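Trainee: I should like to learn how to read a model of this kind. Could we take the features one at a time?

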Amino acid sequence: MPFMKGREPLRRTLKYLNAGKLVLKERVRIFSVSYNTYGNHHAGARDFVFWNVPQIQFRNPDVQVVTLKNMTPSPFVRCFFEDGRDMMIDIDSKSQEEIIEHLVNVVGKTREELVAEARLAESKDNPANFGYSCERHCICEIAGQVYCPGTEPLPKEMRGKFKFAQK
Amino acid sequence: MLRAGCQLLTQSTVAAKTGSNNFALEFVRWRRKPRWLPVAKSKLFRVPERKKQSEEERTELMRLHNHYKTQLRSVRQYLREEVVRQQETSTADHIVLTPEQEEAEFQRCVEVNNAWNAKIAKEREVRLAKEREEKVAYVQERLEAGKLREEERRERANERVRYEIEQSKTFITRENLDEAIETALANPVDHNFAIDLAGNMIKGRSTQPQSN
């Protein structure tokens, strides 16, 4: 799609996609929404598909997201789990906000999990970190940094023996 | 061990302080008393006098003490939190659930969802009942309107039939055809007319205007 063209191009901005609240649990494999393009009690489902499905797709790249149009008398979300079970969520005459809130509550990861995962990812991702469970054990592994004193003596200007020696 | 021994020693020697003791702990001192020697006999029952503190000195000391304790507590808390944070970020243990926990969590979600579905089902029942009623009322109304329309149409048709029957009395039929022809021939009608500039209609082919 071209930049800022079409209906509500805001939905395609990275900021909007990243702001999606629903990150599905690990066990969810397929996320399907059934709704109709007409009828007042499908209005919330339509809004949900229009506004939130892009976010869900973006934040859950490993989940198949399906929308089924005009095949049902009342709208619903159906999640299939990896062990073959599934969960049916009725969204009849509910608004978009109510739907997303309930989904976060039922099939989404909790806030604590998300925060912890973000932290974990951060500590692994940041190449500046060193120490346990990082890419390098010590800063001395970088070329140009000071060697570990155990491997090679520190430069003389850093050693007390020479710094404080009487002249 | 040494200290305990010393206590025993002092207890045993308290009774016979002035008398001779078995150990004959007498030392000649040229400088400070070493740590391991017991209290000197001349200082044994000396009670050191407590230093007198004035009121403001006491409050000032208390203030400093409180400050120090608060600061130390906050530093300790910060360090403890830092350790916890470090542990959280360095491992994934605290977010990985056991299968039983996962199952329990799933059951909780299912229950929440069932409650939600039941609530919506109730609302939908109400909505559908209302819609059904509205539909029934609408159909009823349309049926009645249709009946009315049909009646009116029938009425109009009857009217038309009556009118035609009334008209049929003057129709020309095979029986009175000759009579009608004779009447027509006897009374010729001239449909020609002229219009003058004033807009007056002058009927007939041979009629002359009145004026002139």
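Mentor: Let us begin with strand pairing. Strands of a sheet pair through backbone hydrogen bonds, either parallel or antiparallel. Here strand 1 (residues 28–35) of chain A and strand 3 (residues 76–81) of chain A pair in the antiparallel sense over 6 bridges; two strands pair if DSSP finds at least two bridges between them. Strands (E, at least two residues) and helices (H or I, at least four) are DSSP runs, numbered from the N terminus.

Trainee: Before we continue, on what footing do these statements rest?

Mentor: This is a predicted model, in which local features need pLDDT of at least 70, side-chain atom pairs count only at pLDDT 80 or more, and totals for chains, interfaces and linings use all residues. Residues are numbered from 1 along each chain as its sequence is written, while chains are lettered from A and ligands numbered from 1 in the order in which they are written.

Trainee: Which residue of strand 3 of chain A is the bridge partner of A:Val33?

Mentor: The partner of A:Val33 is A:Val77. Strand 1 of chain A also pairs with strand 2 (residues 64–69) of chain A, in the parallel sense and over 6 bridges. In that pairing A:Phe31 is matched with A:Val65, and A:Tyr35 with A:Lys69.

Trainee: In what order do the strands of the sheet lie?

Mentor: The 4 strands of chain A form an open sheet in the order 2-1-3-4, with mixed pairing. Its edges are strand 2 and strand 4 (86–90) of chain A, each of which pairs on one side only. On average, neighbouring strands are turned by 15 degrees against each other, direction ignored. Helix 2 of chain A packs on this sheet and touches strand 1 and strand 2 of chain A; its direction makes about 130 degrees with that of strand 1 of chain A. Contact requires that the C-beta atoms of two residues, placed from the backbone, lie within 7 Å.

Trainee: How should I describe the packing of two helices?

Mentor: Two packed helices are described by the angle between their axes and the distance between the axes. The axes of helix 2 (residues 43–51) of chain A and helix 4 (residues 96–107) of chain A come within 8 Å and cross at roughly 70 degrees. Axes are lines fitted to C-alpha atoms, for helices over the stretch in contact, and angles run from 0 to 180 degrees between N-to-C directions. The two helices are therefore roughly perpendicular to each other, a term for angles of 65 to 115 degrees.

Trainee: Which residues make the contact between them?

Mentor: Helix 2 of chain A contributes A:Gly44, A:Asp47, A:Phe48 and A:Trp51, and helix 4 of chain A contributes A:Gln96, A:Ile99 and A:Ile100. By class, this contact has 4 nonpolar, 2 polar and 1 charged residues. Ala, Val, Leu, Ile, Met, Phe, Trp, Tyr, Cys and Pro count as nonpolar, Asp, Glu, Lys and Arg as charged, and the others, Gly among them, as polar.

Trainee: How many residues does each chain give to the contact between chain A and chain B?

Mentor: Chain A gives 19 residues and chain B gives 17. On the side of chain A, strand 4, helix 4 and helix 5 (111–125) each give two or more residues. The largest share, 6 residues, comes from helix 5 of chain A. This side divides into 7 nonpolar, 7 polar and 5 charged residues.

Technical notes:
Angles under 35 degrees count as roughly parallel, over 145 as roughly antiparallel, 65 to 115 as roughly perpendicular and the rest as oblique.
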